[in-house]
Structures are given as structure tokens and as C-alpha cells.
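Got the model open? Let's go through some of the labels people put on residues and ask what backs each one up.

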Amino acid sequence: MRVIAAPNQDPQAVYQTCVNAITDDGLRNRLEVLSGSIASVATDYERKGVAKKLYTLPVNECRNDEVVIGDVTKAEIKNVYTTYMVGKARPARAIYDAMLSRAPLGRCPFCGMGHASTLDHYLPKAKYPMLSVVPLNLVPSCKNCNTGKRTSIAARAEEQSLHPYFDHQHFIIDQWLFAEIVSTEPETVRYFVRAPESWDDVSKGRVKSHFVAFNLASRFSVEAANELASQKQFLNEFSKKNGLHALVGLLSDQAESLSRIHANSWQTAFYQALLGKTLETFSVNEELTEICPVCEGEGVFVKYSCPCCKGNGFVSPRLLEEINLPDYEYLKCTECDGRPGCRLCSGKGSIRRETALSLTRSRP
């Protein structure tokens, strides 16, 4: 998922802009009466969104021809969005387009893959008609995520999919999306969720719900299969020219670079899986029997792979003879990338290897 700063449009003003475009005086007057109610519902939505409790909002099960509130039917209030906000010639279309343009690099925040070409109702207007034009309920989305997501409504906290406006912090920083390359013919890539053990049960459930709701396993697998097919020739040639150790280094750098951009992108998980598969081959072909002297068998330094053994924890006897330990006296800071004020490295971006090892071994 990608983070988007929450829109700052006033919900009541957005609603009024839509309603003002209605030429039917009777319909416009009936809808104008609901302006205060829309503002109240929007306030409640924001409060519960911040508290991760949108699942507690009541669902409206009435038919389209039945009255939702006042003298307005469900179909009429839903149509405020469909006709008077989405409509190309309507004044509120400018609001629609402005919200759509907030998608990071034009990508859908739900999958991080598709082109954001429409606004998705996080809570569907069919079940929550009063939220039809509330900005916080409208998220830039690709068509696959908008039309293909699971339609069931969350009844519990852990069943809520992730919300790009409200769900930041550990959902973005910590990795929970992983993949493995399956030895089929041709090879396939399987994606799965493995949330950190330190997370609470609700957070663990939510990333699984998000993964299922947007059918990410299948969609990511298709993208990864294409990437694998397109990269295979290059990687084989690179390995022949430079050796397996150099290939492991290349893939390790690629996986780490992608992880720094988005820890839970399909590309990050794919290149980590490809690295793992290559390390299996490396282990067979190079007989990795010696403990890596840099990480002392740990494989990782808290958040990144050992720059010597590339996360395996072992090296070949041949490589062991070539390792110059003083070259690894200082390693990347395990908490930042040179951030000013970092308590560990004071913004230098590097710490002593012994310090990195002690932090790695003290992890819970």
C-alpha cells in the first residue's frame, strides 16, 4: 500500500458544490436539507478512521427506491456522486480530478501497481450512501482495485483493509509482503503475507484482509512471472561472465534498494525471493561451509543483509581467503540512512561492525 496525505476539502462544501448543479428545483431543495447531516457523518467518519474503527459505522441495507433520510432515496443521494461529481461538465468534477491527482506518481495506493484512473469508495456507496461524496471516503484507485475488490463489509477490526489516508507507520515501514519462487515449469512466483511477530493481532489480520480483498496474490504473481521471464536471460549471462557471487551481490543490492523505496511492493518481495533462490544455487555450487566473519553467521544486521555473505550467514572457503575484515570495520547504521539527529550514528550513516552485531543479537 502507498500513503496519501488526507484530502483537506470541506465535506459540506463539496456536497453543496455537487447539489448546486442540480437543475430540478424540487430535488435540489430536498438534497440541500441534508447538508448538515453530511457534515456530521463526515466528522464521524474521520474520527473513526483515525481510531481504526470504520468497521463500526452502521450499514444501510435499504433498497435504492427507499428513503435513506428526510425525503431522499438511496438512489438520489448516490447519484449526487455519479452524476454531479463524476460528470465531466459538472463544477464538482474539478474536485474529483484534484483528488485523483493525489495518487503517488499516478499509482494506485491499494496495490502500488496499477494506474490510478478513478476514485474508489473505501466504504461502498451502496452500503454507505451518506458517504458518497465525502472526500475522506474517496481514494484514487486503479480500475482493478476499484471494481475487483472483495465486496464483503468488515464486521471486525481485523477484517478492515488498509486505508491510504489513515494507515501509515508500521504498515508502511515494516515488511509484511513476501514471495517465493516455485520450481514449476515454467517457474512461478507465490506471494504471501507474513506480518512481524511484534505486531498486534488486529494489525496482522488487517494486512491479510487487504491482501485478500484486492486479490494481490494472483495479480502480483502475474507481474512477477513476467519480470522473471524478462530477467532470466540477463541474469544467466551476468552469472556466466561475473560468477555466482557477483550475481548474489547484484540481486542483494536490487532487493535492498527496492525495499528502501517500498518495503511491501511486489518488486521488493520478488527480488528478495530471487535472491533466496540464487543463494540456494550458490550454496550447492560453491559449498558455503565457512561462517561469515563479518556477520559471524547472523546473515543480517537488524534490517539489512550482511554485505559480505549477502544474508546467507556462510561463505565458501575460497571467498573466506579473499575477505579483508578491516574493510568491514564500519557498516551502515541499522536505524537510519544518515538521518540528522539519529541517536545511533548522529547522522553519519555508519556504525562500527561490533555495534551492529550487538544490536542484531539483542533483538527480541
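A polar contact here is a pair of N or O atoms within 3.5 Å. Keep in mind that this is a predicted model.

Q: What makes the link between K310 and the backbone oxygen of P307 a polar contact?
A: The side chain of K310 reaches that oxygen at 2.9 Å. The cut-off is 3.5 Å, so the pair counts.

Q: Where does K310 sit, and which residues does K310 touch?
A: Look in the loop between β9 (304-305) and β10 (314-315). Setting aside residues up to four places away in sequence, K310 touches V248, G249, S252, L275, L279 and S305.

Q: Why is K310 said to have no salt bridge?
A: The nearest side chain of opposite charge, D253, is 4.7 Å away. A salt bridge has to be within 4 Å, so D253 doesn't qualify. K310 is buried all the same.

Q: What makes D120 and K149 a salt bridge?
A: Their side chains meet at 3.0 Å, N to O. The limit is 4 Å, so the pair passes. D120 belongs to strand β3 (residues 118-121), while K149 is in the loop between α6 (143-148) and α7 (170-173), 29 residues apart, and the pair links distant parts of the chain. Both D120 and K149 are buried.

Q: How do you know that K232 and E187 form a salt bridge?
A: The closest N and O atoms are 3.6 Å apart. That is within the 4 Å allowed, so the name fits. K232 lies in helix α9 and E187 in the loop between β5 (177-182) and β6 (188-193), so the pair ties together parts that are 45 residues apart in sequence.

Q: Why are K232 and E187 called partly exposed?
A: K232 has a relative accessible area of 41%, and E187 has 25%. Buried means under 20% and exposed means over 50%, so values in between are partly exposed.

Q: What about R352 and E354: what makes them a salt bridge?
A: Their side chains meet at 3.8 Å, N to O, and the limit of 4 Å lets that through. R352 has a relative accessible area of 37%, so R352 is partly exposed. E354, at 43%, is partly exposed as well.

Q: How many salt bridges does this rule give, and which residues are linked in a network?
A: The count comes to 24. E296, E298, R353 and R361 are linked in a network of salt bridges.

Q: Why is Q175 called buried?
A: Q175 has a relative accessible area of 17%. Buried means under 20%, so Q175 makes the cut. You'll find Q175 in the loop between α7 and β5.

Q: What makes the pairings of Q175 with L177 and Q272 polar contacts?
A: A polar side-chain atom of Q175 lies 2.9 Å from the backbone oxygen of L177. The side chains of Q175 and Q272 are joined at 2.6 Å. With the limit at 3.5 Å, both distances pass. Among the other residues that Q175 touches are R194, P196 and N264. Q175 and N264 are 89 residues apart in sequence, yet their C-alpha atoms are 5.7 Å apart.

Q: How do you know that the length of helix α8 agrees with its residue count?
A: At 1.5 Å a residue, the 13 residues of α8 (residues 201-213) should span 18 Å, and the end C-alpha atoms are 18 Å apart, so the two agree.

Q: What caps the N-terminal end of α8, and what covers its buried residues?
A: D200 is the cap, with a side-chain oxygen 3.1 Å from the backbone nitrogen of V202. The cover includes α6, α7, β5, β6 and α9. Among the buried residues of α8 are K204, R206 and H210.

Q: Where does helix α9 bend, and what follows that helix?
A: Helix α9 (residues 216-242) bends by about 40° at Q231. Just after α9, G243 takes a positive phi of about 95°. Buried residues in α9 include L216, F220 and L228.

Q: Why is R90 called partly exposed?
A: R90 has 30% relative accessibility, which falls between the 20% and 50% cut-offs, so R90 is partly exposed. R90 is in the loop between α4 (74-82) and α5 (93-100).

Technical notes: Residues are numbered from 1 along each chain as its sequence is written. This is a predicted model: local features need pLDDT of at least 70, side-chain atom pairs count only at pLDDT 80 or more; totals for chains, interfaces and linings use all residues. Side-chain values use heavy atoms; hydrogens and water are left out. Helices (H or I, at least four residues) and strands (E, at least two) are DSSP runs, numbered from the N terminus. Buried means under 20% relative accessible area, exposed over 50%, partly exposed in between (1.4 Å probe, protein chains only). Lys and Arg count as positive and Asp and Glu as negative; His and the chain ends are not counted. A polar contact is a pair of N or O atoms within 3.5 Å; within protein, one must be able to donate a hydrogen and the other to accept it, and residues adjacent in sequence count only if both atoms are side-chain atoms. Contact means heavy atoms within 4.5 Å. The bend at a residue is the angle between axes fitted to the seven residues ending there and the seven starting there. The expected span of a helix is 1.5 Å times one less than its number of residues.
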